[in-house]
Each structure stands twice: as C-alpha cells, then as structure tokens.
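Please read the following explanation alongside the sequence and the three-dimensional view. The paragraphs move from aromatic rings to charged side chains and then to cysteines.

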Amino acid sequence: MLEKDIQEILFTEEQLKKRVEEIARQIEADYAGREIMFIGILRGSFVFMADLCRAVDLPCTLDFMSVSSYGTGTTSSGQVQITKDLSEDITGRHVIVVEDILDSGNTLSYLLNILEHRHPASVRLCALLDKPDRRVKPVKLHYSGFSIPDAFVVGYGLDYAEKYRSLPYIGILKPEVYGG
C-alpha cells in the first residue's frame with residue numbers, strides 16, 4: 001500500500017545491509033579494545049541503529065535522545081528542541097551519535113555541542129544518509145552510509161508524517177504526497 005507513494009527506490013534492503021556491515025567494520029577498527037555508547041536520535045535512526053549495533057563486534061551500550069526541528073513539515077524549522085534526553089551519564093565514555101540523515105546541520109550542530117559539554121571521552125557522528133547540498137551549518141561526519149540528492153526520502157526508519165518507516169528500503173517520496 002505505501003509503495004504506491006514511492007517515486008524511486010534509492011537503496012535496496014541488500015544495499016543497506018551491506019553498507020551497515022561496512023560501517024560496523026570501520027567502527028570496530030577505530031574503537032578496538034574499547035567500549036562504545038551508541039546514542040540513537042529518535043525516531044528516524046532506530047532501524048539503522050538496531051542493525052548497526054548488531055553488526056558491531058564490540059561491547060556497547062545504547063541510549064536515545066529525541067530532538068526535533070521538523071515538526072510535521074519536510075524542511076527544518078531551524079528551531080531545535082530536545083524532547084527526550086539521555087538516561088545515562090556520558091562522562092568519560094566513547095559516544096557515537098547515530099542519526100538517520102544529516103541535512104541542514106542545524107539540529108546535529110546543536111546536539112553535538114550539548115553532548116561535548118557533558119565531557120565524554122569522545123563524540124563521533126554516524127549518519128546513514130548525508131544530504132550535503134542542504135548543509136547550512138558545518139558538521140563533521142565520521143561515518144556515513146550514503147550521500148543523497150536533495151530529495152525527500154522515506155523508509156528504513158525515515159518517515160513523512162509518521163508513515164513509511166516500515167519500508168525495508170529507502171525511497172524518494174512522490175512530491176504530490178507531501179505537497180512538494
């Protein structure tokens with residue numbers, strides 16, 4: 001039913017699985033012998049983070065934050081709001097922030113600044129998708145799944161108005177669906 005709203009599939013389920021495995025190997029090499037803490041940014045990252053933490057062969061813990069600058073729209077409002085903060089202290093820990101998409105950089109710039117002030121041993125950013133054409137604020141991306149064009153994408157955890165998260169692939173949503 002939801003498939004009828006997809007204009008084009010950008011990344012198949014198989015391509016996503018392969019890229020998650022490659023990112024996991026990079027993380028293992030960078031953090032060999034250390035414990036890491038994945039911080040998933042809800043809600044869009046939950047599918048990616050679940051697959052990533054299962055693929056990484058290192059001791060790890062998980063926590064979540066919910067940060068919003070979109071509301072129900074398709075572009076960032078520029079106003080960042082933390083709607084759920086961490087449950088755990090990150091002082092002295094090796095943190096990898098896991099996000100679904102790096103777009104304007106507004107939200108992640110704000111969030112990474114807040115986390116740095118909580119004194120972790122390190123903070124790195126892992127985003128499944130990178131949309132460099134939309135970048136307004138510079139954000140260092142340590143682990144990137146795919147670079148994508150400036151299109152509205154859904155699936156594999158990414159949504160439009162809380163729909164399409166369950167699609168096993170990432171696709172471009174037809175503009176007529178969101179009024180684009």
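In this predicted model, a convenient place to begin is the aromatic cluster that Phe152, Tyr160 and Tyr178 form together. Across the structure, the count of aromatic pairs comes to four. One of them joins Phe152 and Tyr178, whose ring centres are 5.1 Å apart and whose planes meet at 45°, an arrangement that counts as tilted. Which parts of the chain does this pair tie together? Phe152 belongs to the loop between strand S7 (143-147) and strand S8 (153-154), whereas Tyr178 belongs to helix H4 (residues 175-178), so the contact connects parts that are 26 residues apart in sequence. The two rings can also be described by their accessibility: Phe152 is buried, with a relative accessible area of 13%, while Tyr178, at 22%, counts as partly exposed.

From the rings we turn to the charged side chains. Side chains of opposite charge can pair when their charged atoms come close. A search of the whole structure finds 16 salt bridges, and two of the examples taken up here lie in helix H1.

In the first example, Glu22 forms a salt bridge with Lys18, with 3.0 Å between the closest N and O atoms. Why are these two residues separated by about one helical turn? They are four residues apart in helix H1 (residues 13-30), and that spacing is why about one turn lies between them. Glu22 is partly exposed at 32% relative accessibility, whereas Lys18 is exposed, with a relative accessible area of 55%.

In the next example, the side chains of Glu28 and Arg25 meet in a salt bridge at 2.8 Å, N to O. These residues are three apart in helix H1, and therefore they too are separated by about one helical turn. Glu28 counts as buried at 17% relative accessibility, while Arg25, at 36%, counts as partly exposed.

A further salt bridge, between Glu162 and Arg43, has its closest N and O atoms 2.9 Å apart. This pair links distant parts of the chain, with Glu162 in the loop between S8 and strand S9 (170-173) and Arg43 in the loop between strand S2 (36-42) and helix H2 (46-55), the two residues being 119 apart. Both partners are partly exposed, Glu162 at 46% relative accessibility and Arg43 with a relative accessible area of 49%. Arg43 and Glu162 also belong to one network, in which salt bridges that share partners join them with Asp159 and Arg165.

The cysteines remain to be considered. A disulfide is a covalent bond between the sulfur atoms of two cysteines. How many disulfides does the count give for this model? The count comes to zero, and the distances between sulfur atoms can be followed for individual residues. For Cys60, the closest cysteine sulfur is that of Cys53, and because the two sulfurs are 5.4 Å apart, they are too far from each other for a bond; the cut-off for a disulfide is that the sulfur atoms lie within 2.5 Å. Cys60 itself is partly exposed, with a relative accessible area of 29%. Cys126 is likewise in no disulfide, and the nearest cysteine sulfur, that of Cys53, is 12 Å away. Is Cys126 buried or exposed? At 0% relative accessibility, Cys126 counts as buried.

Methods. Residues numbered from 1 in each chain as written. Predicted model: local features only at pLDDT ≥ 70, side-chain atom pairs only at ≥ 80, totals over all residues. Heavy atoms only, no water. Phe/Tyr/Trp six-rings, centres within 6.5 Å; stacked < 30°, edge-to-face > 60°. Buried < 20%, exposed > 50% of the residue type's maximum accessible area, 1.4 Å probe, protein only. Salt bridge = Lys/Arg side-chain N within 4 Å of Asp/Glu carboxyl O.
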